[in-house]
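Colleague: Got a minute to walk me through this one? I'd like to go from the overall fold down to a few single residues.

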Amino acid sequence: MIKLQNLTLRYGNKLVLDRFSLEIPAHGLTALSGPSGCGKTTLLRVMAGLETPEAGTVDGLSPARTAFLFQEDRLLPWRTVDQHITDVLPRQRRGELADWLAFAELSGEGDAYPTALSGGMARRLALARCAALGGDLLLLDEPFAGVDPERTARIMARLRDLGVPVVLTSHQAPVLAECDCVIGLDGPPLN
């Protein structure tokens, strides 16, 4: 289990986490769901070590072995689809490029630049790049924004096949339906 215990965090004078505790399974696909602004992204950022709470602890994971997908795609406009993925693969894993393109259903798009991709394609590229990093845990912030439900289901099955725990945020019903565990959140603050 990943244990978040008594977390307190605020942005300025806005209290986002107020002695918040939660246990998250360290296997399968887990969704954090709730209204926009309730603290889902903040929880992921704390788990990834990108935010430091003023109080509380996170046990059961190592941020150094965690891959994080931001809400923004963060694609570099001067890099092709292929380059976005090969840039994160160690030299000995470069042969996996075609597999990661297939993972995100982007086969045949390797020479395209981000400006030539639809919003859903860009999101899938960002997700493939994150998953290709590897690690012991994937933290995915709204990974399927702009992706159609049928494709979402296929890619979620591929995420499951990776064999690492995945914690994602979403309020999309098709995404939640594919998860092993859905944790409903309501805030701020989360307490």
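**Fold, cores and a few residues**

Modeller: Sure. This is a predicted model, and its chain has 6 helices and 8 strands.

Colleague: In what pattern do they come along the sequence?

Modeller: Helices and strands are mixed along the chain, which holds 6 of the former and 8 of the latter. Reading along the sequence, you get β-β-β-α-β-β-α-α-α-β-α-β-α-β.

Colleague: How compact is the chain for its length?

Modeller: The C-alpha atoms fill a box of roughly 50 × 35 × 30 Å along the principal axes. For 191 residues the globule rule gives 16 Å, and the radius of gyration is close to that, so the chain is as compact as a globular protein of that length, at 17 Å.

Colleague: What share of the residues is buried?

Modeller: Buried here means under 20% relative accessible area. Of the 191 residues in the chain, the share that passes is 47%.

Colleague: Which helix gives the most to the largest nonpolar core?

Modeller: The largest nonpolar core has 37 residues, and I85, F103, L138, L140, F144 and L168 have the most contacts inside it. The helix that gives the most to this core spans residues 119-133 and supplies 9 residues: α4.

Colleague: And how many residues are in the second core?

Modeller: That core is separate from the other one, and V46, F68, L137 and I183 are among its members. Its count is 24 residues.

Colleague: Back to F144: which residues does it touch, beyond those up to four places away in sequence?

Modeller: F144 is one of the residues with the most contacts inside the largest core. Leaving out residues up to four places away, its partners are L127, T152, I155, M156, L159, Q172 and V175.

Colleague: Is T30 buried or exposed?

Modeller: T30 lies in strand β3, residues 29-33. Contacts of T30 beyond four places in sequence include V166, V167, L168, C179 and C181. With the cut-off for burial at under 20%, its relative accessibility of 1% makes T30 buried.

Colleague: S33 is in the same strand, right? How far is its C-alpha atom from that of T169?

Modeller: S33 is found in strand β3, and with a relative accessible area of 12% S33 is buried. Beyond four places in sequence, its contacts include K40, S170, H171 and I183. S33 and T169 are 136 residues apart along the chain, yet their C-alpha atoms are separated by 5.9 Å.

Colleague: How many residues of helix α1 are buried?

Modeller: Helix α1 covers residues 40-48 and is mostly covered. K40, T42, L43, L44, V46, M47 and A48 are the buried ones. Out of 9 residues, that makes 7.

Colleague: Which residue follows α1, and has a positive phi?

Modeller: The phi there is near 80 degrees. The residue is G49.

Colleague: Last one: where is R93, and what does it touch beyond four places in sequence?

Modeller: R93 is found in the loop between α2 (81-86) and α3 (97-103). Its C-alpha atom and that of A132, 39 residues along the chain, are separated by 9.5 Å. Not counting residues up to four places away, R93 touches W100, A132 and L133.

Conventions: Residues numbered from 1 in each chain as written. Predicted model: local features only at pLDDT ≥ 70, side-chain atom pairs only at ≥ 80, totals over all residues. Heavy atoms only, no water. Core = buried A, V, L, I, M, F, W, Y, C linked by side-chain atoms within 4.5 Å. Buried < 20%, exposed > 50% of the residue type's maximum accessible area, 1.4 Å probe, protein only. Helix = DSSP H or I, 4+ residues; strand = E, 2+ residues; numbered from the N terminus. Contact = heavy atoms within 4.5 Å. Rg over C-alpha atoms; globule rule 2.2 N^0.38 Å.
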